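Let's take a walk through this model together, from one helix to its neighbour and on to the ligand.

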Amino acid sequence: MKKTMILYCAIFLLFSLPLFSEESENKNINIGQTMRNMMNTFININQSFKANDYFETSEGLMDLAKLVKPLTKINPPKGSKEQWNTFLNELIKNCFLAIGAAADENSEAIKKYLGRISEIQKQGHTLFR
Ligand code: HEM
């Protein structure tokens, strides 16, 4: 009986731990700080792009995508969570598309995707800031 209880407790802890860690992870994400990091990264991306450095442009785009991803785990300060995630995932997708374009050294396409990222930023700020 005692063994069964211990087993049940262990199973409960095993399954509830990820929930607790997700909770504390959410609280640790600071939107303002993340956005400032995104701004600096986006400036670097644009500078590398202007210098025709496709490697650094791609690295910056991946950095940007990595900064954005954790924001999909938290609730927006205002507005719908579903729409928040749609915008953030669209931003990540455009980073990937721009990296693909960098592989082809296709500056026109990279420019298009960087422009799209700026649009997503503007719309995101109108809706959620
Ligand atoms: C490359 C894209 C983006 C850049 C460079 C950017 C940059 C910034 C900057 C510099 C701030 C001011 C942060 C501060 O000093 O407190 C800010 C705030 C904010 N941004 Fe963005 N942003 C981007 C995209 C987005 C998107 C897509 C969304 C929503 C889906 C969004 C939502 C917000 C919100 C809610 C704030 C207010 C944060 C706060 O005051 O706590 N941003 N952003």
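How many residues does α2 have, and how far does α2 reach from its first C-alpha to its last? Helix α2 has 20 residues and reaches 28 Å, close to the 28 Å expected at 1.5 Å a residue; the expected span is 1.5 Å times one less than the number of residues. Helices here are DSSP runs of H or I with at least four residues, numbered from the N terminus.

Before going on, note that this is a predicted model, in which local features need pLDDT of at least 70, side-chain atom pairs count only at pLDDT 80 or more, and totals for chains, interfaces and linings use all residues. Residues are numbered from 1 along each chain as its sequence is written.

Now look at the two sides of α2. Its buried residues are Thr41, Ile45 and Phe49 (buried means 20 or more other C-beta atoms within 10 Å of the residue's own, exposed 12 or fewer, with C-beta atoms placed from the backbone). They lie on the same side of α2 because they cover an arc of only 75 degrees around the axis, taken from the directions from the helix axis to the C-beta atoms. On the other side, the exposed residues are Gly32, Gln33, Arg36, Met39, Ile43 and Lys50. The buried residues of α2 pack against α3 and α5, where contact means C-beta atoms within 7 Å.

Helix α3 covers residues 54-68, and its buried residues include Gly60, Leu61 and Leu64.

Finally, turn to the ligand: α2 gives the most to the shell around the ligand, with 7 residues.

Technical notes:
Helices (H or I, at least four residues) and strands (E, at least two) are DSSP runs, numbered from the N terminus. Two residues are in contact if their C-beta atoms, placed from the backbone, lie within 7 Å.
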